[in-house]
Amino acid sequence: MKRYLYSRRNSPRSVKMDTVLRTLLVFLISTAGVAIAWAEPSPNHITSRIPRQSVQSSAIAKVGYSRRRHILEIEFVNGAVYRYFDIPLSVHRDLMSAESKARFYDSNIRKHYRSVLVRQRQKQELPEKSPASAPGYGAAAHD
């Protein structure tokens, strides 16, 4: 019985099948890795090539849209950039024609579509303190 199993396992047909299965397994694992990387981009590794155009808004500075990939990028006035996935062209058009882009964004895009942070908001520089606002000046110092 051992001899039968050994000889069958090492037959040319069995060796060929093992090779095919190994190749298929390597291919599937590689493809899965690429699919995961594509579907969930890491915020630290996103390079945007979507051109953005300036818009009139109190909260949104620029908007970009990829028709081919259905990706919407929004750059906020604080410097943060978010990328939204599976955005229909009609949503982009409606955003661009909305009287209040910030209100449209809050109602129709934010928390409705999957998103990733492309760039964190930029730290705002604190204004230099004038002598009047420094400790030891003003009414509180005279109490």
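**Core, aromatic cluster and helix H4**

Let me begin with Tyr 84, which is buried, since its relative accessible area is 3%, and I should say at once that we are looking at a predicted model. Tyr 84 also belongs to the largest nonpolar core, a set of 16 residues in which Ile 60, Leu 72, Ile 74, Tyr 84, Leu 95, Tyr 105 and Ile 109 have the most contacts. At least two residues of this core come from each of four elements, namely strand E2 (60-66), strand E3 (71-76), helix H3 (89-97) and helix H4 (101-108). As general background, nonpolar side chains in soluble globular proteins tend to be buried together.

What is Ile 60 in contact with, once its neighbours within four places in sequence are left aside? The list runs to Val 55, Ile 74, Glu 75, Phe 76, Val 77, Lys 101, Ala 102 and Tyr 105.

Turning now to the rings, the structure holds four aromatic pairs. In one of them, Phe 76 and Tyr 82 have ring centres 6.1 Å apart and planes at 80°, and because that angle is over 60 degrees, the pair is edge-to-face. Tyr 82 also pairs with Tyr 84, and here the arrangement is tilted, with 6.4 Å from centre to centre and 35° between the planes. Phe 76, at 11% relative accessibility, counts as buried, whereas Tyr 82, at 29%, counts as partly exposed. Together with Tyr 84 and Tyr 105, Phe 76 and Tyr 82 form one aromatic cluster. There is one further ring to mention, that of Phe 85, over which the charged end of Arg 114 sits, 4.4 Å from the ring centre.

Next, helix H4, whose buried residues are Lys 101, Ala 102, Phe 104 and Tyr 105. Why are they on the same side of H4? They cover an arc of only 165° around the axis, and therefore they lie on the same side of the helix. It may help to recall that an α-helix has 3.6 residues a turn, so residues three or four places apart point the same way. As for what this side meets, the buried residues of H4 pack against E2, E3, strand E4 (81-84) and H3.

Finally, let me return to strand E2, where Ser 66 is found. Is Ser 66 buried or exposed? Ser 66 counts as buried, because its relative accessibility is 14%, which is under the 20% cut-off. Not counting residues up to four places away in sequence, Ser 66 touches Ile 50 and Ile 71.

Methods: Residues numbered from 1 in each chain as written. Predicted model: local features only at pLDDT ≥ 70, side-chain atom pairs only at ≥ 80, totals over all residues. Heavy atoms only, no water. Core = buried A, V, L, I, M, F, W, Y, C linked by side-chain atoms within 4.5 Å. Buried < 20%, exposed > 50% of the residue type's maximum accessible area, 1.4 Å probe, protein only. Contact = heavy atoms within 4.5 Å. Phe/Tyr/Trp six-rings, centres within 6.5 Å; stacked < 30°, edge-to-face > 60°. Lys NZ or Arg CZ within 6 Å of the ring centre and 35° of its normal. Arc of directions from axis to C-beta.
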